[in-house]
Amino acid sequence: MPETKTRWDIFCTVVDNFGDIGVTWRLARQLVAEHDLAVRLWVDDLRAFERLCPAIDIHAAGQRQQGVEVRQWPAQWQPAEAADVVIAAFACQLPAAYMDAMAERPVPPLWMNLDYLSAEDWVIGCHGLPSVKYRHVQKYFFFPGFQQGTGGLLREHGLLEQRRQFQQDPEARRAFLQELGVDPAPGAQLISLFAYENTGLASWLGAMASDRTPTHLLVPEGRVLGDVERWLGVQGLAAGAVHVRDGLTVQVLPFIQQEQYDRLLWSCDFNAVRGEDSFVRAQWAARPMLWHIYQQEEDIHLDKLEAFLTLYTKGLSAPASEAISGLWRAWNVGGEMADHWQMTRKHWPELEKHAQAWCLEQALQADLATALVQFYGNWI
Ligand code: TRH
């Protein structure tokens, strides 16, 4: 039977890290599962993808994974029919021959650039505007965001309900942590740490080690491990390693799949996250958090950090706002964390309540996949 579903193509180049593939993989699955669309995901680096989806065959030119047609984006492009909707993720450049195929369709496709997430105000004015044209095919800007008038955030249907049920079920949490080999001491606060290299880490670990409340820190394998090793005075940290220093237990975890990583965030009292996708997932976890923003040239990322803090701290008391803002700012310049951590701990109950309120407020917006589908609906 001929395919009657609307066809979407998503193009992803893996620049570095896991955010590009993390976002597009999540989006592709959601468009299939919740909007009944035929989605092809073109990826130029299947090895990075394999970390997120171990079932990937890195040698296959095409394969179906969780309902998504995953296509290797080859260096030597092979002719392919253009889809009804084309998403270039994060301003990646589409193959010239594919752009010709778009222009040669009887009806041109809706062509969008899915941009990086930013809380800056200008995003609202630019979201949905026409961008460049290729021949007669118009490209549009699509901006994710936190405010009305943006494209929203990726959020699967029922995610918050699942999260709520999980967090209300201590047995589910215990069983999940046990699967990961995590068994925190009674009364210990559980913290996850996903970050880039950070010279501020040593002072934060020191503060946690001397805290009266014991801390169990979970560190997925990745870029921050070098700083953890230096502070511990050990080498070769790998998944499974556990080290104790005073009140702080440091445990290294393997890189887990996105659904498990969500559960990890839901299980922790505090989450240090980075980049884009884990940052959003920590917000859906509705727990206090710390963001290590992706560093950009000329420190423009610091403007983005301030823009988010301005939105996020609305509704907090002045001292709690200062405490969390101070912690985030210090973290993002690799500064001293100890005093900021102590201040943050003082405002814990308020910050916990606030994380829940922020999550609910964000969930009032349409999720990003739905917003894309609506954009297409309005466009045709
Ligand atoms: O990996 P990142 O640093 O990605 C970054 C950012 O997206 C940045 O904006 C972009 O410019 C740059 O990449 C190229 O952080 P991010 O966005 O959180 O992506 C990590 C992904 O990995 C996310 O989908 C969550 C997932 N993840 C797992 O699936 N399992 C894990 O164990 C961990 C720690 C993460």
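Start with the sheet: in this predicted model, six strands form an open sheet of mixed pairing, in the order 11-12-10-9-13-14. Select strand 11 (242–245) and strand 14 (289–292) to see the edges; each has a single partner strand, so one side of each is left without a neighbour in the sheet. On average, neighbouring strands here are turned by 15 degrees against each other, direction ignored.

Stay at strand 14 and add strand 13 (residues 270–274). The two run parallel and are joined by four bridges. To find one of the pairings, pick Ala272, whose bridge partner in strand 14 is Leu290.

Next, select helix 7 (residues 201–210), which packs on the sheet. Helix 7 touches strand 9 (189–193), strand 10 (215–220), strand 11, strand 12 (248–253), strand 13 and strand 14. The direction of helix 7 makes about 170 degrees with that of strand 9.

Then move to helix 8 (residues 225–232), which also packs on the sheet and touches strand 9, strand 10, strand 11 and strand 12. Between the directions of helix 8 and strand 12 the angle is about 145 degrees.

The last stop is a pair of helices. Select helix 5 (residues 159–167) and helix 9 (residues 258–267): their axes come within 10 Å and cross at roughly 50 degrees. The two helices are therefore oblique to each other, and their crossing is right-handed. Show side chains for the contact: helix 5 contributes Leu159, Gln162, Arg163, Phe166 and Gln167, while helix 9 contributes Asp262, Arg263, Trp266 and Ser267. Coloured by class, this contact shows three nonpolar, three polar and three charged residues.

Terms used. Residues numbered from 1 in each chain as written. Predicted model: local features only at pLDDT ≥ 70, side-chain atom pairs only at ≥ 80, totals over all residues. Heavy atoms only, no water. Axes fitted to C-alpha atoms, helices over the stretch in contact; angles between N-to-C directions. Parallel < 35°, antiparallel > 145°, perpendicular 65-115°, else oblique. Left-handed = near helix turned anticlockwise from the far one by under 90°. Contact = heavy atoms within 4.5 Å. Nonpolar A, V, L, I, M, F, W, Y, C, P; charged D, E, K, R; others polar. Pairing = 2+ DSSP bridges.
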